[in-house]
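Thanks, everyone. I'll keep this brief. Please have a look at the model first.

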Amino acid sequence: FGYNYEKGVELAKMQYIMMVPGDNEIIYESIGEICDAAGQADIVVPYTVNTWVRPLSRRLISKTFTILMNHISGLNLRYFNGPCIHKSSIIKSLPMTTWGYAYMASILARLIKSGHSYVEIGMYLKQRDYGGSKAFKLKNIYRVTKTLLELFLEFRFKGMKK
């Protein structure tokens with residue numbers, strides 16, 4: 001997932017960059033509201049308002065991940081894995097360190113910790129029409145855990161302030 005995002009960033013030519021997942025889970029109006037917020041800050045950070053449309057297991061895992069990311073980074077974001085909008089100039093200057101499902105969390109933590117401004121925007125989801133998340137496969141869990149450990153070491157021991 002992160003690899004595709006990185007390639008998209010490399011090819012992007014406009015002032016802002018956003019990737020919208022192709023699972024049609026985000027309602028159309030929310031995508032518009034997220035896009036309307038571009039320019040209010042360096043980064044637009046969407047968070048899910050109606051979390052109850054997701055299965056309980058997914059909500060618990062997402063909440064746990066958000067708590068861990070906030071603890072590791074010293075931030076207080078509502079969600080780390082939404083379809084964020086970044087100014088091209090800042091996202092293109094940041095080296096990608098993971099291609100796993102935690103790629104956006106890693107990007108957000110690094111950019112916000114380095115002083116870039118952000119605004120959080122609520123988004124509404126609909127229940128999936130079909131299929132389930134592929135995020136919980138063993139290899140993806142391993143990659144996310146590895147990214148969390150790397151971020152912990154980076155923020156706690158490599159001189160970045162909490």
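I'll take one helix, then a pocket beside it in the talk. Keep in mind that this is a predicted model.

The helix is H3, residues 56-73. Start with its length. At 1.5 Å a residue, its 18 residues should span 26 Å. The end C-alpha atoms are 26 Å apart, so expectation and model agree.

Now, which residues of H3 are buried? They are Arg58, Ser62, Phe65, Thr66, Met69, Asn70, Ile72 and Ser73. Look down the axis of H3, and these buried residues fall within an arc of 165°, so they line one face of the helix. What do they pack against? Two helices: H5, residues 103-113, and H6, residues 138-157. Turn to the other side of H3. There, Leu56, Leu60, Lys63 and Ile67 are exposed. And just after H3 comes Gly74, with a positive phi of about 80°.

On to the pocket. This is the second largest one, with about 260 Å³ of space. Its lining has 14 residues. Nearest the centre are Thr51, Ser62, Lys63, Arg78 and Tyr79. Two elements give two or more residues to that lining: strand E2, residues 43-48, and H3. Which one gives the largest share? H3 does, with seven residues. We have met two of the central residues already. Ser62 is a buried residue of H3, while Lys63 is exposed on the other side of H3.

Last, the chemistry of the lining. Four residues are nonpolar, five are polar and five are charged.

That's it from me. Over to you.

Key:
Residues are numbered from 1 along each chain as its sequence is written. This is a predicted model: local features need pLDDT of at least 70, side-chain atom pairs count only at pLDDT 80 or more; totals for chains, interfaces and linings use all residues. Side-chain values use heavy atoms; hydrogens and water are left out. Helices (H or I, at least four residues) and strands (E, at least two) are DSSP runs, numbered from the N terminus. The expected span of a helix is 1.5 Å times one less than its number of residues. Buried means under 20% relative accessible area, exposed over 50%, partly exposed in between (1.4 Å probe, protein chains only). The arc is that of the directions from the helix axis to the C-beta atoms. Contact means heavy atoms within 4.5 Å. On a 1 Å grid over the protein atoms alone, a cavity is a set of points where a 1.4 Å probe fits but cannot get out, and a pocket is an open set with protein on both sides within 12 Å along at least five of seven lines; lining residues have an atom within 4 Å of a point. Grid points are joined across faces, edges and corners, and a volume is the space filled by probe spheres set on the points. Ala, Val, Leu, Ile, Met, Phe, Trp, Tyr, Cys and Pro count as nonpolar, Asp, Glu, Lys and Arg as charged, and the others, Gly among them, as polar.
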